[in-house]
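Work through the two exercises below with the structure in front of you, and try each task before reading its solution.

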Amino acid sequence: LLENAGKTLREYGDTHMLTPAIGTVALVQVTKKTDDSYAFDFSRLEKWFDTFEAVGFKYFDGRHITGAPATEMIDEATGKTIKPLAGKKMGIDPETVAFLEAYYPQLHALLTRRNMVDRYFQCQYDEPRNDDQYRALTELARRLMPGVKTKDAINGRPERFSPLVDVHVFGIRTMEDSEVVK
């Protein structure tokens, strides 16, 4: 099913595959360990990469990291599904910083091993509204995943967020309203 969907998307000219690594319906399986650290199983993410590379996708966009609090994790102590980051602001609350400090280096190692550092883009915060949060997320991504570019739509306030995003996703209306195209 995914392979056929990928083939159809490629036929229509898509070049980037949105990748739900973390968040709701996450490909990466996360275990919250008894010592409060995290263990990551990237096997489903690797299968995702393999499936879509096989049909011609070269680039992958990691779903917005601000969705990480919705990630269901296995509690090592009980075996139950938990959401320990629920209700927390990614990059601001200490628990989320600890999560990203564990997750990003392991994701980066996987991307490095697969020669994908320059082909994977990490989306952070769609249409950001919180300057401090966006700045913190950018700092974490750049520090913990060197060479991986960040990518976001910043149409609401490009003058504030442009320095903090590597690849801008602009809407037609933003370009129409821009002095650049007038």
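The model shown here is a predicted one.

**Exercise 1. A helix and its faces**

Task: Compare the expected span of helix H3 with the distance between its end C-alpha atoms, and then find where its buried residues lie.

Solution: Begin with the length, for helix H3 runs over residues 94-113 and has 20 residues, which at 1.5 Å a residue should span 28 Å. The end C-alpha atoms of H3 are 29 Å apart, which agrees with that expectation.

Next, list the buried residues of H3, which are Thr96, Phe99, Leu100, Tyr103, Tyr104, Leu107, His108, Leu110 and Leu111. Seen down the helix axis, these buried residues fall within an arc of 155°, so they line one face of H3. The general background is that an α-helix has 3.6 residues a turn, so residues three or four places apart point the same way.

Now look at both sides: the buried residues of H3 are covered by elements including strand E2 (29-32), helix H2 (43-54) and helix H4 (131-144), while the face turned away from the buried side carries the exposed residues Pro94 and Arg113.

**Exercise 2. A lysine in a strand**

Task: Decide whether lysine 32 counts as buried or exposed, and name its side-chain polar partner.

Solution: First place the residue, since lysine 32 is found in strand E2. Its relative accessibility is 16%, and because buried means under 20%, lysine 32 counts as buried.

Then turn to its surroundings, where the side chains of lysine 32 and tyrosine 38 are joined by a polar contact of 3.3 Å. Leaving aside residues up to four places away in sequence, lysine 32 also touches others, among them Met73, Asp75, Glu76 and Pro84.

How values were computed:
Residues numbered from 1 in each chain as written. Predicted model: local features only at pLDDT ≥ 70, side-chain atom pairs only at ≥ 80, totals over all residues. Heavy atoms only, no water. Helix = DSSP H or I, 4+ residues; strand = E, 2+ residues; numbered from the N terminus. Expected span 1.5 Å × (residues − 1). Buried < 20%, exposed > 50% of the residue type's maximum accessible area, 1.4 Å probe, protein only. Arc of directions from axis to C-beta. Contact = heavy atoms within 4.5 Å. Polar contact = N/O pair within 3.5 Å; in protein donor to acceptor, adjacent residues only side chain to side chain.
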